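Hello,

Here is the structure we talked about. My notes follow below it.

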Amino acid sequence: MENRRIYLDHNATTPLHPEVKKEMIEAMEMFGNPSSMHVYGREARANVEHARGVVADLMGAREDELVFVGSGSEANNTVLSLFACASNLCLSDFRMRKSIVTTRIEHPCVLETSQCLAQRGTNVKFLDVDQYGRIDLDQLKDYLTDDVGLVSVMTANNEIGTIQDIPEISRMARENGSLVHTDAVQAFGKMPLNVDELGVDFLTISAHKIYGPKGVGALYVRKGTPYCPFIRGGHQEKGRRAGTENTLGIIGLARAVEMRAAEMDDEAKRLRAMKERLREGIEASIDEAYFNGHPTLSMHNTLNVSFPGAEGESILLYLDLEGIAVSTGSACASGSLDPSHVLLATGTDAERAHGSIRISLGRETTMEEIDYVLEVLPPTIRKIRNMSTAYIKGGEHAAAK
Ligand SMILES: Cc1ncc(COP(=O)(O)O)c(C=O)c1O
């Protein structure tokens with residue numbers, strides 16, 4: 001087992017798919033600006049437009065409904081910031097709709113943008129979630145007043161994997177005349193998603209979560225939806241996102257999407273079986289292991305589990321020493337020792353939230369790696385719990401079985 005390295009943090013980011021890497025290396029020679037009219041520009045433009053078709057296809061969108069952007073965070077900021085448009089000229093019909101509805105468990109790029117908008121006068125209402133991380137549709141109904149311009153709910157949560165009922169959320173929001181956005185960064189490419197079936201006006205994706213390159217993503221904008229560019233100053237993307245296109249990144253994103261289309265169904269079955277083995281193995285070998293997220297309506301690659309009496313950061317570091325990479329929550333939140341806002345929103349107490357780790361599987365994960373985790377994790381938890389005076393003091397000392 002020496003020098004063994006097992007990557008189980010695919011919700012933070014994924015390695016480049018070998019096919020993506022190959023395609024990007026070949027495309028590196030192509031340097032033309034897609035806006036140039038000469039042959040160099042035309043070659044780059046053809047590649048960007050081909051990529052647009054490929055990405056649009058996997059979500060059932062039209063090519064002209066897809067805007068390439070610099071990240072999932074940028075796409076999410078773009079949608080929410082529509083409502084901060086100073087003149088609201090771009091929003092015409094939505095001028096009087098000054099409220100946004102979102103959830104307490106969104107990614108920080110939605111939550112912090114919402115909080116910033118709230119400080120600037122937008123009325124933001126945050127939906128609660130139940131113990132599994134599902135939003136309360138009755139509360140949504142109450143929140144859907146005629147001043148709500150946008151409802152933004154993530155398709156699947158990055159920390160606990162819980163999947164929301166986006167078609168029903170969209171149906172309710174649209175009936176109220178509100179626009180609907182879903183952050184599908186974690187779900188896209190892992191489960192089939194179709195913008196018409198989801199009923200959304202905006203949908204966000206990011207390449208680096210699906211074995212594509214970092215720093216590129218796409219925003220789906222339903223045709224005819226009011227829109228305001230977040231980055232101005234160029235005609236690129238039909239004036240919807242200024243800045244010379246990241247041609248190489250876009251080519252990588254499209255190849256990643258093609259590979260997702262080919263691989264995701266079989267992969268889902270494989271990963272579901274591995275997740276189940278992991279869950280059962282943890283349950284059988286470690287006392288007091290609490291699984292976070294919905295038992296069934298959850299991403300097949302994501303397992304979030306709390307071990308009271310063992311700090312998540314300590315577990316992460318001990319596992320890292322054994323060559324296993326997991327996470328304590330969202331990568332973006334690491335660096336902060338605050339308990340996860342997602343777990344707190346599900347009613348998990350702070351101690352249990354502090355003792356949680358996220359294990360996120362990916363296309364290259366093997367059953368053998370899962371078995372190795374099951375070999376290493378129980379003694380690791382036992383060791384940390386034995387060192388934890390707080391845990392013993394509480395009189396609830398429970399070593400790994
Ligand atoms: C649900 C979700 N939304 C948005 C993002 C941000 O995407 P990006 O890293 O491309 O900015 C992430 C990344 O962790 C995410 O998990």
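**Strand β12 and its sheet**

Both faces of β12 are covered: Ser356, Arg358 and Ser360 on one side, and Ile357 and Ile359 on the other, are all buried. In a regular strand, side chains alternate between the two faces of the sheet. The count for β12 is five buried residues out of five. Keep in mind that this is a predicted model.

Where does β12 sit in its sheet? It is an edge strand, covering 356-360. The sheet is open, has three strands and runs in the order β9-β10-β12. Pairing in it is antiparallel. The other edge strand is β9 (290-292), and each edge strand pairs on one side only. On average, neighbouring strands here are turned by 30 degrees against each other, direction ignored.

The pairing of β12 with β10 (residues 302-306) rests on five bridges, and the two strands run antiparallel. Two of the bridge pairs:

- Threonine 302 has serine 360 in β12 as its partner.
- Leucine 303 has isoleucine 359 in β12 as its partner.

Both of these β12 partners, Ser360 and Ile359, are buried, and they belong to opposite sides of the strand.

Helix α9 (residues 247-285) lies across β9, β10 and β12. It runs at about 15 degrees to β10.

**The seven-stranded sheet**

There is a second open sheet. It has seven strands in the order β2-β8-β7-β6-β5-β3-β4, and its pairing is mixed. Its edge strands are β2 (66-69) and β4 (123-127), and each pairs on one side only. Neighbouring strands are turned by 20 degrees against each other on average, direction ignored.

At the β2 end, four bridges join β2 to β8 (residues 217-221). These two strands run antiparallel. Phenylalanine 68 stands opposite alanine 218 in β8.

Helix α3 lies across six strands by name: β2, β3 (99-103), β5 (148-152), β6 (179-183), β7 (202-206) and β8. Against β7, α3 runs at about 160 degrees.

**The ligand**

Which helix gives the largest share of the shell around the ligand? That is α3 (residues 72-81), with three residues. There are 15 residues around the ligand, and Ser71, Gly72, Ser73, Asn158 and Ser206 come nearest. By class, the shell has 10 polar, four nonpolar and one charged residues.

**Two domains**

The protein is divided into two domains. Domain 1 has two segments, 6-14 and 264-393, while domain 2 spans 18-259. Their centres, taken over C-alpha atoms, are separated by 29 Å.

How many residues of domain 1 are in contact with domain 2? The number is 26, and they meet 26 residues of domain 2. On the domain 1 side, α9, β10 and α11 (341-345) each supply at least two of the touching residues. The largest share, three residues, comes from α11. By class, this side of domain 1 has 16 polar, eight nonpolar and two charged residues.

Note that β10 comes up twice: it pairs with β12, and it supplies residues to the side of domain 1 that touches domain 2. Helix α9 also comes up twice, since it lies across the three-stranded sheet and supplies residues to that side as well.

Best regards

Key. Residues are numbered from 1 along each chain as its sequence is written. This is a predicted model: local features need pLDDT of at least 70, side-chain atom pairs count only at pLDDT 80 or more; totals for chains, interfaces and linings use all residues. A residue is near a molecule or strand if its C-beta atom, placed from the backbone, lies within 6 Å of it. Ala, Val, Leu, Ile, Met, Phe, Trp, Tyr, Cys and Pro count as nonpolar, Asp, Glu, Lys and Arg as charged, and the others, Gly among them, as polar. Two strands pair if DSSP finds at least two bridges between them. Axes are lines fitted to C-alpha atoms, for helices over the stretch in contact, and angles run from 0 to 180 degrees between N-to-C directions. Two residues are in contact if their C-beta atoms, placed from the backbone, lie within 7 Å. Domain bounds come from an automatic or database domain assignment. A residue is buried if 20 or more other C-beta atoms lie within 10 Å of its own, exposed if 12 or fewer, and partly exposed in between; C-beta atoms are placed from the backbone.
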